[in-house]
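Biologist: Could we go through this model together, with each answer argued out before the value or name is given?

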Number of protein chains: 2
Amino acid sequence: MSDTPKPALPLGFRWASTTAHIKASGKPDVALAVCESGATAAAMFTRNQVVAAPVTIGRKHLAATGGKVTAVLVNAGNANCATGPSGIDACQKSCIAAANEFGCVFDEIFPSSTGIIGVPLPVEKLIAAIPSAKAALGSSQTHAEAFATAILTTDTKLKVAHESFEISGKQVNLFGCAKGAGMIGPQLGPPHATMLVYLFTDLAACSEHLQAMLEKAVDPSFNAISIDGDTSTNDTVLLLASGQSGVTAQSTTVPAFEAALRRICDSLAHAIIDDGEGVTHVVTLEITGAKTEADAKLIARSIAHSPLCKTAWSSGDPNWGRILAAAGYAGVAFDPANVTIDIGGLRVFDHGTRSASYDEAATHTAMLAREYTIALDLGEGEARARFLTCDLTKEYVSINADYST
Amino acid sequence: MSDTPKPALPLGFRWASTTAHIKASGKPDVALAVCESGATAAAMFTRNQVVAAPVTIGRKHLAATGGKVTAVLVNAGNANCATGPSGIDACQKSCIAAANEFGCVFDEIFPSSTGIIGVPLPVEKLIAAIPSAKAALGSSQTHAEAFATAILTTDTKLKVAHESFEISGKQVNLFGCAKGAGMIGPQLGPPHATMLVYLFTDLAACSEHLQAMLEKAVDPSFNAISIDGDTSTNDTVLLLASGQSGVTAQSTTVPAFEAALRRICDSLAHAIIDDGEGVTHVVTLEITGAKTEADAKLIARSIAHSPLCKTAWSSGDPNWGRILAAAGYAGVAFDPANVTIDIGGLRVFDHGTRSASYDEAATHTAMLAREYTIALDLGEGEARARFLTCDLTKEYVSINADYST
């Protein structure tokens with residue numbers, strides 16, 4: 001254990017986990033977070049046309065309460081998606097059971113599920129686990145990390161982030177946690193990931209204001225990452241504010257809070273890619289010189305999702321022609337004669353042709369770093385986009401192809 | 001050798017190959033096809049914004065001649081793409097050299113290149129190889145197959161197709177050949193793959209009519225396949241007609257010709273997927289019940305390009321939730337409650353939930369077949385699309401990640 005003091009957690013929350021044996025592994029698979037006084041809430045959900053039952057119910061509950069949450073109940077190991085009306089029914093039953101434990105109305109329970117699609121949720125196991133989860137609640141770092149651990153599936157690492165700042169002698173704290181690690185290509189929309197992200201703060205803010213601040217932080221972070229480009233049916237980012245710092249969101253406090261929220265989101269988004277299935281290289285795509293931000297994003301996504309680019313990155317192959325080709329089929333008009341490409345700061349393509357300074361061996365060496373940047377300037381305008389992605393390895397194929405009846 | 005008589009080749013063409021040592025392997029890498037009387041021509045090229053020099057020059061030459069081709073000169077091992085003005089110059093020089101050999105104007109030479117992007121074409125090797133290719137020309141099956149072999153790169157199999165039909169006692173012949181096997185996600189547009197396809201016939205038809213017939217055949221064949229979704233900078237489909245069958249394209253002959261052309265294109269498109277890099281399963285996606293054909297195609301492409309679907313297919317994993325999720329993020333509005341999914345004829349998803357008849361073991365067994373169909377009905381309308389794709393294996397990653405300085 002390190003001697004560094006642990007950062008402070010937001011006041012007003014308690015966390016716990018327990019084991020309901022929904023995960024075949026027998027690891028903790030139920031996570032519970034409670035704000036007994038009721039937290040204000042904002043959320044963003046997947047834009048997939050197919051959504052899991054907890055996404056449907058989560059949206060409904062936030063709408064019904066105007067954004068108030070007493071408890072978050074998460075199960076891992078089963079997505080409760082494509083389970084029809086009985087999936088909705090199972091989710092509702094679990095919310096009612098949790099509400100009974102905490103003496104709140106059932107729509108103040110926010111449900112989440114992650115795991116396999118299309119298998120009925122063993123809701124009786126989930127409901128039976130609620131009392132033991134409640135008994136385990138606590139406000140220490142250990143409790144927060146227990147919550148953050150139980151939501152994991154194929155993840156290999158815990159993904160947590162902390163921020164604190166002071167305003168007029170009062171401290172505001174933020175804590176966030178996330179799960180990755182496959183089916184990651186989030187496209188989060190307002191009150192609409194199996195990326196799950198839970199953000200807790202003790203700032204006091206209304207739901208509408210929290211929603212605006214959340215959307216501003218999610219767009220350049222969770223909406224600008226991709227592992228496999230498969231947008232999940234369950235992606236959810238939830239922000240809860242207990243208000244117990246005594247600091248209210250207003251013009252003097254919002255900039256510091258927004259900056260802290262953005263750092264938490266950037267940190268967790270990076271952690272998701274870094275722990276992506278089979279990932280050996282984390283690549284930042286910096287697209288500049290586009291006519292519009294939408295154009296820059298299209299090019300970034302096209303490169304990020306190209307199997308030929310991603311496999312080349314896995315071996316540090318400087319085959320930049322694949323990057324240029326993926327840009328070329330993104331659906332954005334441009335002239336290659338205006339384009340430059342730099343890998344790890346080394347110019348490889350310069351206005352229509354291989355760079356005069358191109359050094360294949362040096363570029364290969366730069367690409368052996370676990371993290372590096374690929375910069376592509378279109379030479380067409382002033383708009384830009386930043387996107388975080390990763391390589392495609394045999395290990396990714398193994399993880400997702402392993403099957404035994 | 002089999003005793004089955006070889007199908008007849010179209011009259012008026014001669015083919016050859018030679019070795020110019022552009023491929024590092026030392027295998028034949030220059031393919032030459034000649035129609036000394038001049039063939040009428042139609043072509044479709046990649047819609048990538050970045051195109052190889054031979055695509056630029058091929059477009060120009062067809063425009064300049066109104067669609068007349070005396071010789072097709074193909075090199076494999078170097079794509080002559082992202083090579084700037086000197087790449088254009090190299091391509092033009094090779095056309096001038098070929099024109100001098102065949103006594104035609106240089107714009108009657110149709111150039112093609114396939115291989116690595118961004119490396120200067122060793123044009124002096126290509127030019128030096130033309131006389132020996134010319135000396136090797138002949139009209140036998142062996143000669144046609146020599147042409148079809150020299151255009152290959154990572155392909156493991158020769159891809160050729162033949163069709164013949166009789167009209168009023170006269171025989172019309174078609175011969176086609178293709179190369180795959182990676183960077184396959186063609187999006188061919190009118191006079192615009194590194195899919196290369198060459199189609200030869202002895203029908204007599206004008207260039208405009210050939211173009212119309214070619215577009216009609218390419219849309220449901222080469223434009224409805226994908227290995228990795230990476231649309232190449234060099235994709236080209238060329239159709240040449242010598243006219244030497246004595247049969248002219250007219251209302252009585254066109255239906256038979258169009259049917260034969262479609263069969264050739266379907267056969268070659270299938271052969272490209274079947275020989276795709278690392279492919280162990282060929283999957284036909286049948287999307288039905290869409291509001292528009294464009295919607296059906298979007299859903300098919302989304303499933304075809306999903307790494308999670310493709311890796312599951314590699315092991316016969318019936319994880320149909322991934323198929324449903326990929327449909328859900330295609331950008332098409334639909335209600336999962338109207339959707340059915342069948343894998344290899346077995347119902348797995350039925351109107352919003354797992355099929356009552358779902359049999360995981362039987363579905364897994366169906367998916368062990370090398371080829372099977374996944375049918376998804378949206379229940380929204382009458383439009384449909386068919387798309388041919390494949391699994392994603394560790395072998396694909398190996399082929400595209402192998403790199404040594």
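Biologist: How many positive and negative side chains does chain A have, and how far apart do the centres of the two sets lie?

Modeller: The model is a predicted one, and these values are computed from it. In chain A, 29 side chains count as positive and 40 as negative. The centres of these two sets are separated by 3 Å.

Biologist: Is chain A as compact as a globular protein of that length, or what does its radius of gyration say?

Modeller: The secondary structure of chain A comes to eleven helices and 15 strands. For 405 residues the globule rule gives 22 Å, and the chain is close to that value, so it is as compact as a globular protein of that length. Its C-alpha trace spans about 70 × 60 × 45 Å along the principal axes, and its radius of gyration is 22 Å.

Biologist: What share of the residues in chain A is buried, and what share of the exposed area comes from carbon and sulfur atoms?

Modeller: Of the 405 residues in chain A, buried ones make up 61%. The area that chain A exposes is about 13900 Å². Carbon and sulfur atoms supply a share of that area equal to 53%.

Biologist: Among the aromatic pairs, how are the rings of A:Trp320 and A:Tyr358 arranged?

Modeller: Over all chains the structure holds 20 aromatic pairs. One of them joins A:Trp320 and A:Tyr358, with 6.4 Å from centre to centre and 80 degrees between the planes, an arrangement that is edge-to-face. The pair links distant parts of the chain, 38 residues apart, with A:Trp320 in the loop between helix 8 (307–314) and helix 9 (321–328) of chain A, and A:Tyr358 in the loop between strand 13 (353–354) and helix 10 (360–366). As for accessibility, A:Trp320 and A:Tyr358 are both buried.

Biologist: Why is the pair of B:Trp15 and B:Phe175 edge-to-face, and which strands of chain B does it link?

Modeller: The ring centres of B:Trp15 and B:Phe175 are 5.6 Å apart and their planes stand at 75 degrees, so the pair counts as edge-to-face. With a relative accessible area of 0%, B:Trp15 is buried, and B:Phe175 is likewise buried at 0%. The two residues are 160 residues apart, and the pair links distant parts of the chain, namely strand 1 (residues 14–18) and strand 6 (residues 170–179) of chain B.

Biologist: Which residues of chain A do ring pairs link into a cluster, and which lysine lies over the face of A:Phe102?

Modeller: The cluster linked by ring pairs consists of A:Phe13, A:Trp15, A:Phe147, A:Phe175, A:Tyr198 and A:Phe200. In chain B, the face of B:Phe102 has B:Lys134 over it, 5.6 Å from the ring centre. In chain A, the residue over the face of A:Phe102, at 5.6 Å from the ring centre, is A:Lys134.

Biologist: Which residue in the loop between strand 5 (160–167) and strand 6 of chain B has a positive phi although it is not a glycine?

Modeller: Most residues other than glycine have a negative phi. Chain A offers one exception in A:His21, whose phi is near 60 degrees and which is found in the loop between strand 1 (14–18) and strand 2 (30–46). In the chain B loop, the residue is exposed, with a relative accessible area of 74%, its phi is about 45 degrees, and it is B:Ser168.

Biologist: Is B:Asp29 buried or exposed, and how far apart in space are B:Asp29 and B:Thr19?

Modeller: B:Asp29 is found in the loop between strand 1 and strand 2 (30–46) of chain B. Its relative accessible area is 0%, under the 20% cut-off, so B:Asp29 is buried. B:Asp29 and B:Thr19 are ten residues apart in sequence, and their C-alpha to C-alpha distance is 5.3 Å.

Biologist: What separates the C-alpha atoms of B:Lys179 and B:Thr149?

Modeller: B:Lys179 lies in strand 6 of chain B, where it is buried with a relative accessible area of 2%. Along the chain, B:Lys179 and B:Thr149 are 30 residues apart, and the separation of their C-alpha atoms is 8.6 Å.

Conventions: Residues are numbered from 1 along each chain as its sequence is written. Chains are lettered from A and ligands numbered from 1 in the order in which they are written. Side-chain values use heavy atoms; hydrogens and water are left out. Rings of Phe, Tyr and Trp (its six-membered ring) pair if their centres lie within 6.5 Å; planes under 30 degrees apart count as stacked, over 60 as edge-to-face and the rest as tilted. Helices (H or I, at least four residues) and strands (E, at least two) are DSSP runs, numbered from the N terminus. Buried means under 20% relative accessible area, exposed over 50%, partly exposed in between (1.4 Å probe, protein chains only). A charge sits over a ring if NZ of Lys or CZ of Arg is within 6 Å of the ring centre and within 35 degrees of the ring normal. The radius of gyration is taken over C-alpha atoms; the globule rule is 2.2 Å times the number of residues to the power 0.38. Accessible areas come from the Shrake-Rupley method with a 1.4 Å probe; for residues, only the protein chains shown count as cover. Lys and Arg count as positive and Asp and Glu as negative; His and the chain ends are not counted. The place of a charge is taken as NZ of Lys, CZ of Arg, CG of Asp or CD of Glu.
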